[in-house]
Number of protein chains: 4
Amino acid sequence: MSHNTFGHLFRVTTWGESHGPAIGCVVDGCPPMIPLTEADLQPWLDQRKPGGSRFVTQRKESDTARILSGVFDDGDGPVTTGTPISILIENEDQRSKDYGEIARAYRPGHADYAYQAKYGVRDHRGGGRSSARETASRVAAGALARKVLGDGIRIRAGVVQIGPHRIAPDQIDFDAVHTNPLFAASAEVVGDWEAYLDSIRKAGSSVGAVVALEVTGVPAGWGAPLYGKLDSELAAALMSINAAKGVEIGAGFEAAELTGEQNADEMRLDLNKQPVFLSNKAGGVLGGISTGQPVTARVAFKPTSSILTLRQTITRDGEETDLRTKGRHDPCVALRAVPVVEAMTACVLADAHLRHRAQVG
Amino acid sequence: MSHNTFGHLFRVTTWGESHGPAIGCVVDGCPPMIPLTEADLQPWLDQRKPGGSRFVTQRKESDTARILSGVFDDGDGPVTTGTPISILIENEDQRSKDYGEIARAYRPGHADYAYQAKYGVRDHRGGGRSSARETASRVAAGALARKVLGDGIRIRAGVVQIGPHRIAPDQIDFDAVHTNPLFAASAEVVGDWEAYLDSIRKAGSSVGAVVALEVTGVPAGWGAPLYGKLDSELAAALMSINAAKGVEIGAGFEAAELTGEQNADEMRLDLNKQPVFLSNKAGGVLGGISTGQPVTARVAFKPTSSILTLRQTITRDGEETDLRTKGRHDPCVALRAVPVVEAMTACVLADAHLRHRAQVG
Amino acid sequence: MSHNTFGHLFRVTTWGESHGPAIGCVVDGCPPMIPLTEADLQPWLDQRKPGGSRFVTQRKESDTARILSGVFDDGDGPVTTGTPISILIENEDQRSKDYGEIARAYRPGHADYAYQAKYGVRDHRGGGRSSARETASRVAAGALARKVLGDGIRIRAGVVQIGPHRIAPDQIDFDAVHTNPLFAASAEVVGDWEAYLDSIRKAGSSVGAVVALEVTGVPAGWGAPLYGKLDSELAAALMSINAAKGVEIGAGFEAAELTGEQNADEMRLDLNKQPVFLSNKAGGVLGGISTGQPVTARVAFKPTSSILTLRQTITRDGEETDLRTKGRHDPCVALRAVPVVEAMTACVLADAHLRHRAQVG
Amino acid sequence: MSHNTFGHLFRVTTWGESHGPAIGCVVDGCPPMIPLTEADLQPWLDQRKPGGSRFVTQRKESDTARILSGVFDDGDGPVTTGTPISILIENEDQRSKDYGEIARAYRPGHADYAYQAKYGVRDHRGGGRSSARETASRVAAGALARKVLGDGIRIRAGVVQIGPHRIAPDQIDFDAVHTNPLFAASAEVVGDWEAYLDSIRKAGSSVGAVVALEVTGVPAGWGAPLYGKLDSELAAALMSINAAKGVEIGAGFEAAELTGEQNADEMRLDLNKQPVFLSNKAGGVLGGISTGQPVTARVAFKPTSSILTLRQTITRDGEETDLRTKGRHDPCVALRAVPVVEAMTACVLADAHLRHRAQVG
């Protein structure tokens, strides 16, 4: 796995900057003979794309994915050929004029200073490579990973906390996520949350959030000891998403407060003599290997660092200054992270599926 | 990175089962000319080894590391030669008789069922490959990683929560960690925590915990976009430790409750005109790249799954049964995870150091 | 390294089919601050591009490379930023009508049957992924690798044998390579070779060839034991080129006939007390590590498999048939392999350079 | 793939120096449930081990392999468990006193100078890491790879040229290889070759050789475009063997002299309507993917660099000197390379098998 490549066998390499001509990805290792057209990718990209509501950045991008390779129609419709699938998404609304001042000053909370310190140069326009715009490539790759996994595996995420407002665990309803512009995993909170987020937005501020994830249909046996653990790979994938600051599997940090009796999920047999677990504190993973239970996780996102309030910072010339980040931004970047969480999970699982098949057949 | 190998350039491959003849690791990619003897490894292994107090398993292992390759004394004392360093630790106290029943029945909360489902076979003795005994290899590799990093980088971890008992953030004192058998990051809590853990131990129960981590001295610029982010790699490393269920970087899940104003660490210049941050919500990493601030993280560990209470489970022959896990166990497995958290962090940083040097010089 | 990715740290991922909309590559891990524009790539692509003489395919492609990411102009001209460099080359002259018959029948000597057997589907148009057209991406990446290596390292290749016609080792003159359309490493053979190749071309036949390689300026110390040997990596790189069937380093197969006295290159000191070798049977590599001598290699290429003579083959429907490969082809595919041999060598060396810097500093 | 690790999914990491306490390897990614004991490894190690005839080094090593992990007997005999298999071979006859002088002076043709230039230090005793002794680990791993491949795949190699003496292609008989101490692939040459090699040996000289390889039973479809080509991986594997200087696949360098008509293997159907090739110039690989034909290759080995003749060299202190390499050596190192060629081929194929299964199922 190199810097900009994710996965071992189902491998996704992404490229592109926020204000360059295009972004994209190359997916290598995809199994052949999977029906695939651009129409399979677009619905997922549409979920993530900007401009959909007042709660997300007003940048206008159609996020139209073009497939440039790896697919061939031999008469029965286009299918994957087993060769690399190159996907390209043009940048349409770069508006670089918005970003003049930040060429000089480092935006607090952004990657500006770190990139400059590492490379001695950075594409400051819209955050360059560190922009959340890159996640469109992840979503396109994730759409492909879902096709590898098939319909038996269902991956769903939704916002369960925004600032101080939480959805109680027993109230989480992933069916609600796509019925509201906040990707909230409960229809009941939407009114309150909209009001709250409007106040944040109007104040030129931003707020963090937590996204919950549930995957059903993962068979027992995926993942592997010890540095290829399914939960370890999932943690890496989710923590690699822009603004992510924490990842929990199953009971997560709550597990620290449990006793062994409370935590270890007991087992029985169901009517078909198949193993069932009586709880799922493990989040569907034991010893790094899936158990057949739903895989559950939670990801914490920090607030968008771009805010209208004047903030203290320094310039690359070594001077102190104050900076207000103008331009188009998300008051809560985590909202648009929901499809990205799902996409990265799909990529991890497709990879785990192929790796398992390699070793065990 | 394969299943049992960790790292890209500083690569650690571990092998061995709890009750086999030995465990060990091979470290490849280590820079040459680093003074190294077995005495450099042993102090770190001694921190992790069992039998040190009544709060950890009573298994008796000296955990003596032998270096079998990759080191040569050309007259000025043994140094690394740039070739693979093979480290072997013999298992001395296997006592397989303790583990007869679990050949048949899956221990709830353990990896038994998952391994069997994946491989169709498992070494059930003491958990086989999934035993925490494997972490001795990680600690040995971590000791080597520390030598690669040098004394300027200081890696410290300690227990900051055990069950419901927490150390307040402003009370955390990593200097206290090695002054008490609980690895607690505060001398003041030790009495209460010992009493609490004694009650857990006597009840044949167990409890979870949280370990905090702080690394000082990491220069700005380590890590890389986007799937080689320093925090993503750290999350993978820490989540790969036995019993880990959650990882936070910097403010972690607390970041979900913050506003952009509260979260984005402002910058000023110090008296030497060097950049300083006015806070460290980021945990020393922005855009996946270190900023020069301390790298901070927290890891949640579940309670030891082996407990004396009878638990419902099934056998591999498809029958229901009840199981009590006898044998020698840790009432709080997280205590001995403290040196492992440090070791994995050292490996991540040594790897990041070499990768940064490769690309940027 | 995955299927379509080459290199460990300087990593090249290529994608695209002969008759798709475009081909391209993503280069990850490139050091930052290297001046780079499309004009740096084009001269190398022009060397390889079709249509340059009657001895190569008459397909018309401008092979214009576009850089889509990873480069930024901060005022002093465009430089690499350390992020992935995506390069795209449009296919302009696909003419798929030429390839109707081969959708059904497997062309002998081509990858058609093997791809179909592996994947159950293949893009038959112009050979799809297995077309030599893919090597344009390699040449683009190689141009970038040369910039990483700098001017001190000079990589030169040329044709030294075509069918039965050879250039004697002491007559090889790499300066002659770009003065003739055959890439011959001697001006004196050009007339005879042109006549010979014209006869092959007019007969609708083809012929194999050998390309020799010499790299000067490689410092001692690049490469590594034992599976990262410089000659092993070079062998993999060169054997991965379309139509390659053999690779020699230094004395190569001739070494089988030598005695130890003849083969082991003796050493002395030069006037500056620097080590000099009195011969170079080793081809600049000992134990997999460069010695500072010129790195020399030879690559054998088979004749172009597309010929006008009727050949026996079978169809994918399991019938016998006879096939004549019409369309535009090279009478000696090895000619256009010369820039590809150089490019792959540049990629191997750039990667070895970064890996060496990582481990040894 | 790191420096001392070979393979993508069936991964072999080797470690150890010629005169250290032991050498060994860790094999990760092996499928589970394969019966395996040390007795499965030993016959292959015995083929390679020194001291078997006057034509190989007189070093006395039993090369007894111990399996330290990854195998478990659950009642039906020991089987692989899917976890890493650690194999250890002790060094028994180091005799370091033989090697005093070479601590100072670089042996011409050996890796001494290159290692010193790279690392600034080297274990000079018996060549340290660059000793052919390391190949015992490759042979042990190869024995395991053969078990993964099963009996349907037959891998055979033999010496077909020694110095100027060659076996004609149509006289090659792999059945003869293990009936003579020279591993010659023809019983008829043995007498002459023994006389020739005796003269070399008595003169304190050495000579090169060529080893041919044939693998039957490889199904069509293994390997992958474009940098994971089966022939590319084979070239890397074979060129990584000590003293290898050239690798050919199929017709190899002879292909340079062929016309397209002569080279492209025509196809027909056999009586069972299965594809058959009318020749095998391709060596069983087209476009990097196996065709179902025998995979054939040839490897050139240079003469042993250790000879009794005085040779000019320099010391690490920068002085000129003359050196005679005393000690125990092989007059033709290629003889003992025969089992190593087979072992590396087995590892490449086991890896290709697992990778194919991953992608295509």
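How many residue pairs are in polar contact between chain B and chain A? The count is 62, with both residues of each pair at pLDDT 80 or more; a polar contact is a pair of N or O atoms within 3.5 Å, where within protein one must be able to donate a hydrogen and the other to accept it, and residues adjacent in sequence count only if both atoms are side-chain atoms.

Before the views, a word on conventions. This is a predicted model, in which local features need pLDDT of at least 70, side-chain atom pairs count only at pLDDT 80 or more, and totals for chains, interfaces and linings use all residues. Residues are numbered from 1 along each chain as its sequence is written, chains are lettered from A and ligands numbered from 1 in the order in which they are written, and side-chain values use heavy atoms, with hydrogens and water left out.

**View 1. Where chain B meets chain A.**
Chain B brings 106 residues to the contact and chain A brings 106 residues (contact means heavy atoms within 4.5 Å). About 8,800 Å² is buried between the two chains, and carbon and sulfur atoms give 58% of that area; buried area is the accessible area (1.4 Å probe) that two parts lose on being put together, summed over both. Eight salt bridges are counted between chain B and chain A (a side-chain nitrogen of Lys or Arg within 4 Å of a carboxyl oxygen of Asp or Glu). One to look for joins A:Glu320 and B:Arg268, at 3.4 Å from N to O. On the side of chain B that touches chain A, helix α2 (residues 112–119) of chain B gives the most, with six residues. Helices (H or I, at least four residues) and strands (E, at least two) are DSSP runs, numbered from the N terminus.

**View 2. A sheet shared by chains A and B.**
Follow the 10 strands of this open, antiparallel sheet in the order β9(A)-β8(A)-β10(A)-β16(A)-β11(A)-β11(B)-β16(B)-β10(B)-β8(B)-β9(B); two strands pair if DSSP finds at least two bridges between them. The edges are β9 (165–166) of chain A and β9 (165–166) of chain B, each with a single partner strand, so one side of each has no neighbour in the sheet. Within chain B, strand β8 (residues 154–162) and strand β10 (residues 209–216) pair in the antiparallel sense over eight bridges. B:Arg154 has B:Thr216 as its bridge partner in β10(B). Helix α4 (residues 190–202) of chain B packs on the sheet and touches β8 and β9 of chain B, its direction making about 60 degrees with that of β8(B). In chain A, helix α4 (residues 190–202) lies across β8 (154–162) and β9, at about 60 degrees to β8(A). Axes are lines fitted to C-alpha atoms, for helices over the stretch in contact, and angles run from 0 to 180 degrees between N-to-C directions.

**View 3. Chains C and D about their axis.**
Chain D is superposed on chain C by a rotation of 180 degrees with 0.0 Å of shift along its axis, at an RMSD of 0.0 Å; the fit is by least squares on the C-alpha atoms of residues with pLDDT of at least 70 in both. The two copies are thus related as by a two-fold rotation axis. The C-alpha of D:Ala236 is the one in chain D nearest the axis, 2.4 Å from it. Of the interface residues of chain D, 100% are also interface residues in chain C, so the copies meet through the same surface.

**View 4. Contacts between chain D and chain C.**
Here too the contact takes 106 residues from chain D and 106 residues from chain C. The buried area is about 8,800 Å², with 57% from carbon and sulfur atoms. Eight salt bridges cross this interface, including that of D:Glu257 with C:Arg166, whose closest N and O atoms are 2.6 Å apart. Helix α2 (residues 112–119) of chain D gives the most to the side that touches chain C, with six residues.

**View 5. A hairpin in chain C.**
Strands β17 (residues 311–314) and β18 (residues 320–323) of chain C pair in the antiparallel sense over four bridges. C:Ile314 finds its bridge partner in C:Glu320 of β18(C). The two strands form a hairpin with five residues between them, and C:Gly318 in the turn has a positive phi of about 80 degrees.
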